[in-house]
Amino acid sequence: MSTTLWIIIAGAIATYLTRIGGHLVISRFENIHPRVEAGLNAVPAAVLTTLVAPAALGGGPAEWAALIVAGLVSLRGGLMAMFLAGAVVLVLARQFVG
């Protein structure tokens, strides 16, 4: 097998062990402190920010258009509608704008 495939397999195993390890640690506690719970609830927003920030800072007109449309759709629509609208605008803008 190629080196790339081994790296992908190792990354998948590391990701799985990290997720299952976190679940096993948290499941040992009967009560979770409210601050810990608040911190865990903030993780998805932090991860989403790390994905969006590079596109916002280093992107061109297509990325900016997708971010603006996704932001506007998020004000009224749900999460899936926001992602779909942003993806559609990004694909179309990259196809036609450049």
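**Figure 1. How the chain of this predicted model is split into domains**. The domain assignment of the chain comes in two pieces: domain 1 runs over residues 1-30, and domain 2 takes in residues 42-98. Put a point at the C-alpha centre of domain 1 and another at that of domain 2, and the two points lie 28 Å apart.

**Figure 2. A look at the loop between α1 and α2, with I32 in the middle of the story**. Helix α1 covers residues 3-27, and I32 sits in the loop that comes between α1 and α2. Is I32 buried or exposed? Neither label quite fits: its relative accessible area is 37%, so I32 counts as partly exposed. Leaving aside residues up to four places away in sequence, I32 touches I26 and E37.

**Figure 3. E37, a contact of I32, seen in its own helix**. E37 belongs to helix α2. With a relative accessibility of 43%, E37 is partly exposed. Now look for I9, which is 28 residues from E37 along the chain: the C-alpha atoms of E37 and I9 are separated by 31 Å.

**Figure 4. Where helix α2 meets helix α3**. Helix α2 spans residues 34-58 and helix α3 spans residues 61-76; their axes come within 8 Å and cross at roughly 130°. That angle is why α2 and α3 are called oblique to each other. As for handedness, α2 passes α3 in a left-handed crossing. Which residues do the meeting? On the α2 side they are V52, A55 and A56, and on the α3 side E63, W64 and L67. Sorted by class, this contact of α2 with α3 has five nonpolar residues, one charged residue and no polar ones.

**Figure 5. Zooming in on E63 of helix α3**. E63 is part of helix α3, and it is among the residues that meet α2. Is E63 buried or exposed? Its relative accessibility is 17%, and buried means under 20%, so E63 counts as buried. Not counting residues up to four places away in sequence, E63 touches A55, L90 and R94. A55 is one of the α2 residues in the contact with α3, while L90 and R94 belong to α4.

**Figure 6. Helices α3 and α4 side by side**. Helix α4 takes in residues 79-96, and the axes of α3 and α4 come within 8 Å, crossing at roughly 155°. The angle is over 145, so α3 is roughly antiparallel to α4. This time the crossing is right-handed, as α3 passes α4. From α3, the contact uses A62, E63, A65, A66, V69, A70, V73 and S74; from α4, it uses A81, M82, A85, G86, V89, L90, A93 and R94. How do the residues of the contact of α3 with α4 divide? There are 12 nonpolar, two polar and two charged.

**Figure 7. V97, in the segment after α4**. Once α4 is done, the chain carries on into the segment that holds V97. The relative accessible area of V97 is 59%, so V97 counts as exposed. Setting aside residues up to four places away in sequence, V97 touches P61 and L92. V97 and P61 are 36 residues apart in sequence, and in space 7.9 Å apart from C-alpha to C-alpha. P61 is where helix α3 (residues 61-76) begins.

Definitions and conventions. Residues numbered from 1 in each chain as written. Predicted model: local features only at pLDDT ≥ 70, side-chain atom pairs only at ≥ 80, totals over all residues. Heavy atoms only, no water. Axes fitted to C-alpha atoms, helices over the stretch in contact; angles between N-to-C directions. Helix = DSSP H or I, 4+ residues; strand = E, 2+ residues; numbered from the N terminus. Parallel < 35°, antiparallel > 145°, perpendicular 65-115°, else oblique. Left-handed = near helix turned anticlockwise from the far one by under 90°. Contact = heavy atoms within 4.5 Å. Nonpolar A, V, L, I, M, F, W, Y, C, P; charged D, E, K, R; others polar. Buried < 20%, exposed > 50% of the residue type's maximum accessible area, 1.4 Å probe, protein only. Domains from an automatic or database assignment.
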